[in-house]
Structures are given as structure tokens and as C-alpha cells.
Amino acid sequence: MIRPMQITDTPDVLALLNWMDDAPHREVFAPDARTADELHLECEDSTCLVDTDDEGNVLGYCAVSPFRDGVVIEGPVSEGGHTAALLNRAVAHAEGLPVYAFCALDNAPVREALEVAGLTPMHTTDFFSAPLHRLTPAARAPDGHTISRHLPQAEYMALYRASEDGWAGRLDWTPEEYHAHFHRDDVRLIALMKEGRPVGFAELELNTEATRADLTYLAVHPAERGQGYGRTLLALAAAEADTHPALRTLRARAHDHARAARALYTRAGLTPCRSIVTYLKDSEEEA
């Protein structure tokens, strides 16, 4: 039976999330929460559904949360449940808004259910990883360049806008939002400066529990490309992460169409470690 999640379902839902984590091919976008209280908080802003057997045991979980211009599907995570029916119920809660979903490339059952439900694959994001010590030897600024760990918001936005428009939401940040982001304990910015102006930057998020630093963004101004700045910024980011004893690896990501980034990571010695497919179902008005 598919029904709204209840507080008594929490242990079973957490067990399902942990079951998903046990095998990379089961991965879907799901709550980061791994305690009952955190899961309850996340579900306050989501429509959470469960699929149960006749004894009330939870076999599947799916949720719908606000995301960008529409909603995002969390899940479905299912061990013996009705994946397609659970997903269809969740999609119905979108009420005509665009629906996004993220699923491991090798998660064939969920990918099939997503496509039957009308979602279309947009692109694949590949993740690359390497030990920090493999990347740090090249961590030095070229002659005539300096390193800065802070950029005025106007300079950051100008370089970001020139380099990439995929995270357009950042271009709407208020000064308070910009300040709050870069004063987080787990965020680092490394900018490469030439004659007092930034030619590129690398942005890191430090995940000490996973002993990993995530390269969340690497930008080089289009007019400055072809000079090795990307490789330099990658090495500088690894060196920054390497100052934290709990961190062991650097992980980066690139969409399937980002050939230059993929080539950079491969040349630097990073190897593929996971692949996620982004799905979208357009709003009913656009369909």
C-alpha cells in the first residue's frame, strides 16, 4: 500500500537509505539525513510517501521537494516494493511543475521507471577522484601570478558569468548570501590573480566524514584558456585540501558534454568513480 510517510516509518526508511548506500548501483537522489530527527526536518518541506506490505513494513520510499523552477524526486528507493507505482504517485504531486530526478547510471530499474513516468534523460555527470598527494606537486602559481582566497562579489560574479551559466541561481545571490556561503567552515575559494585581476578560481567543499574534498567549481576566463590555468587551479585546490589532516582524496565532476574539463581531470590523474543521470519532465504547459 502506498501512503504518506508516518513518524513510525522512520526506522524503516532510514534502513532503506542505508541499504541504498551499500551498493553504488542503487544510488538515487535521496535525503542526506541519517538520523531520525534530521529526516523529520527534511520531510517538513517535502511530500514523503512509503510503500508498505500487509504487515506495515516499509518496502519503498519516495518524496517530492521544491527544486529550482519545479520539484525534485527523492528516490524512489525500493527493496521489493512497487517502484513504478510509488514513483507515479510522487510525480502526481508535482501538479504540472517541471520534475527533476537524479539516478545512478547503472540503476536500471529506477531509470526504467523514470522513463515510463515521462521523465527524459538530460545529461550524465561523471565524477572523478584521486588521492590528494597525486595532485599537489604542481601546486604553485606561475611567475607573475598570485593566489587569493577571497574575491569581491562583483569580480566573482563577472568571472562566473563569463565562464559558465549552469548555476544561474548564484548570479542572483545577495551580498549577504555571498558572504554567508564563503564564510562556511567547509567552503574554500582559491583564485589565481594576474596583474591584480582574477583569471580563474577553484571552489572546494570539505567533507571530513567522507575524508574527501569536492571540487564544486573550477572557472577559467575564456580569454585566458589554453595557458594551463585549469591544471594549476586543480593542484592548488588539492594543496588546500591537503592542509586538513582528515582529508585524503579530491573529487571533481563534469557533464558528458564538458570535454575540456574531462580531459583536464584525466590528464591530471583523476579516474572515474561514479556516474549520475539527470532526468527532467517538463511542465504540462510546455509539454
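Which helices and strands each supply at least two residues of the lining of the second largest pocket? In this predicted model, they are helix H1 (10–21), strand S4 (70–78) and helix H4 (108–116). The tour below begins with the whole chain and returns to that pocket at the end.

**The two domains.** Colour residues 2–118 as domain 1 and residues 128–275 as domain 2, the two parts into which the protein chain is divided. A distance drawn between the C-alpha centres of the two domains should read 32 Å.

**The sheet.** Next, display the strands alone. An open sheet of 12 strands can be followed in the order S1-S2-S3-S4-S5-S12-S6-S11-S10-S9-S8-S7, and its pairing is mixed. At the edges stand strand S1 (2–4) and strand S7 (145–148), each of which pairs on one side only. Looking across this sheet, one finds neighbouring strands turned against each other by 25° on average, direction ignored. Strands of a sheet pair through backbone hydrogen bonds, either parallel or antiparallel.

**One strand pair.** Select residues 187–194, strand S8, together with residues 197–207, strand S9. These two strands run antiparallel and are joined by eight bridges. Within the pair, centre the view on Val 187, which has Glu 205 of S9 opposite.

**A helix on the sheet.** Add helix H1 to the display. H1 packs on the sheet and touches strand S2 (47–52), strand S3 (58–67) and S4. Viewed against S3, the direction of H1 makes an angle of about 85° with that of the strand.

**Two backbone details.** Most residues other than glycine have a negative phi, and most peptide bonds are trans. Go first to the loop between S3 and S4, where Arg 68 lies. Arg 68 is not a glycine, yet its phi is positive, at about 50°. Then move to Gly 75 and Pro 76, which are joined by a cis peptide bond with omega of about 0°. Pro 76 has its place in strand S4.

**The second largest pocket.** Keep Pro 76 selected, as it is one of the lining residues of this pocket. Extend the selection to Trp 19, Met 20, His 25, Arg 26, Val 28, Val 77, Ser 78, Thr 83, Asn 107, Pro 109 and Val 110, which complete the lining. The space inside amounts to about 160 Å³. Which element gives the largest share of the lining? That element is S4, with three residues. Colouring the lining by class shows seven nonpolar, four polar and one charged residues.

Technical notes: Residues numbered from 1 in each chain as written. Predicted model: local features only at pLDDT ≥ 70, side-chain atom pairs only at ≥ 80, totals over all residues. Heavy atoms only, no water. Domains from an automatic or database assignment. 1 Å grid on protein atoms, 1.4 Å probe; cavity = no way out; pocket = protein on both sides within 12 Å on 5 of 7 lines; lining within 4 Å. Points joined across faces, edges and corners; volume = space filled by probe spheres on them. Helix = DSSP H or I, 4+ residues; strand = E, 2+ residues; numbered from the N terminus. Nonpolar A, V, L, I, M, F, W, Y, C, P; charged D, E, K, R; others polar. Pairing = 2+ DSSP bridges. Axes fitted to C-alpha atoms, helices over the stretch in contact; angles between N-to-C directions. Contact = heavy atoms within 4.5 Å.
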